[in-house]
Amino acid sequence: SHMLAKTTRALIPLIVGIGLSMVPSSAYANTINFDTIPDQTNVDSFYLAQGVMFNNAISLTAGFSLNEADYPPHSGVGVVGDDGGPMEMAFASPVSDMSAYFTWAAPLTFDMYSDLTFSTPVASFSTTGNNLGTSTLIQLPYMFQSVRITDAIQDSMAMDDLSFTPDNQTVIPEPSTLILFGTAYLAAALKQFRQKAGRRTS
C-alpha cells in the first residue's frame with residue numbers, strides 16, 4: 001500500500017496538469033503572497049485554483065526554514081524558492097504581465113514561453129549581481145503562458161508577492177501539450193526532497 005500511495009502521489013501533477021486548462025481565466029490581476037502554504041511544501045499545484053502551477057518550487061517561512069536576514073519576505077512571512085532545478089510557472093491561460101519581488105544570491109534568468117512546452121522562449125530577461133538582504137520588484141510586461149527562472153547558483157533565490165493578469169481569453173491546450181506538461185510535473189513529483197543550505201536556517 002506504501003508503493004500504491006507513492007504512485008498515486010506521483011500521478012497527481014499529471015491530473016492537475018490537465019485540470020489547469022479548465023481553470024477559468026480572468027481579466028483581473030491575481031496576487032499570491034505565499035503566507036498560507038505550510039513551510040517546506042512543494043508548491044506544485046497548491047495555487048491551481050488561482051490559475052498557476054509550479055515546478056521545482058518550495059515554500060520557506062520566516063522563523064522556521066527561511067534565512068530571513070538574507071532573504072526577507074516582501075510582505076508577511078512566506079516566500080517560495082527554487083528547489084532542485086529552475087523554478088517553472090505555468091498559467092491556465094496566457095498572461096499579459098507578471099511581477100513579483102525577488103531576492104537572489106547570483107544572477108537570475110527569466111525565459112518566457114507562449115505555451116506550456118518550455119521549448120522556445122519568446123522573451124528573456126536577466127538580473128545582475130545579488131541583492132541579499134532586500135527584495136526587488138521585477139516586472140515582465142510580456143504576453144506568455146509559462147516562465148522558467150534559472151538561478152546561476154541553484155537554490156539561492158526567493159520570490160514573494162507574485163502578481164499576474166490573465167488574458168481575457170481562455171486557451172485550452174492541445175492534448176499533446178498537456179501530456180508534455182503533465183510528464184514534466186510527473187518527473188518533478190518523483191524527486192526526493194533534499195535539504196538546502198543558504199536560504200534555510202541551520
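**Note on strand β9 and the nonpolar cores**

1. In this predicted model, M159 is in contact with F34, F54, V79, V80, M87, M89, A100, Y101 and F102, where residues up to four places away in sequence are left out of the count. A separate, second core, made up of 7 residues, has L66, Y71, V79 and A158 among its members.

2. The largest nonpolar core holds 30 residues, and those that touch the most other members are F54, M89, F102 and M159. At least two residues of this core come from each of the strands β2 (52-55), β5, β6, β8 (136-140), β9 and β10 (157-166), while the greatest contribution, 8 residues, is made by β5. As background, nonpolar side chains in soluble globular proteins tend to be buried together.

3. Strand β9, which spans residues 144-151, is mostly covered, with 7 of its 8 residues buried. This strand is also one of those that supply at least two residues to the largest core.

4. On the pairing of β9, strand β5 (residues 87-104) lies antiparallel to β9 and is joined to it over 5 bridges, and within this pairing M89 of β5 has V147 as its bridge partner in β9. Strand β6 (residues 108-113) likewise runs antiparallel to β9, with 6 bridges between the two, and here M112 stands opposite V147.

5. Two residues deserve a second look when the structure is inspected. V147 is the β9 partner of M89 and also the residue that M112 stands opposite, whereas M89 is one of the residues with the most contacts to other members of the largest core and is itself touched by M159.

Definitions and conventions: Residues numbered from 1 in each chain as written. Predicted model: local features only at pLDDT ≥ 70, side-chain atom pairs only at ≥ 80, totals over all residues. Heavy atoms only, no water. Buried < 20%, exposed > 50% of the residue type's maximum accessible area, 1.4 Å probe, protein only. Helix = DSSP H or I, 4+ residues; strand = E, 2+ residues; numbered from the N terminus. Pairing = 2+ DSSP bridges. Core = buried A, V, L, I, M, F, W, Y, C linked by side-chain atoms within 4.5 Å. Contact = heavy atoms within 4.5 Å.
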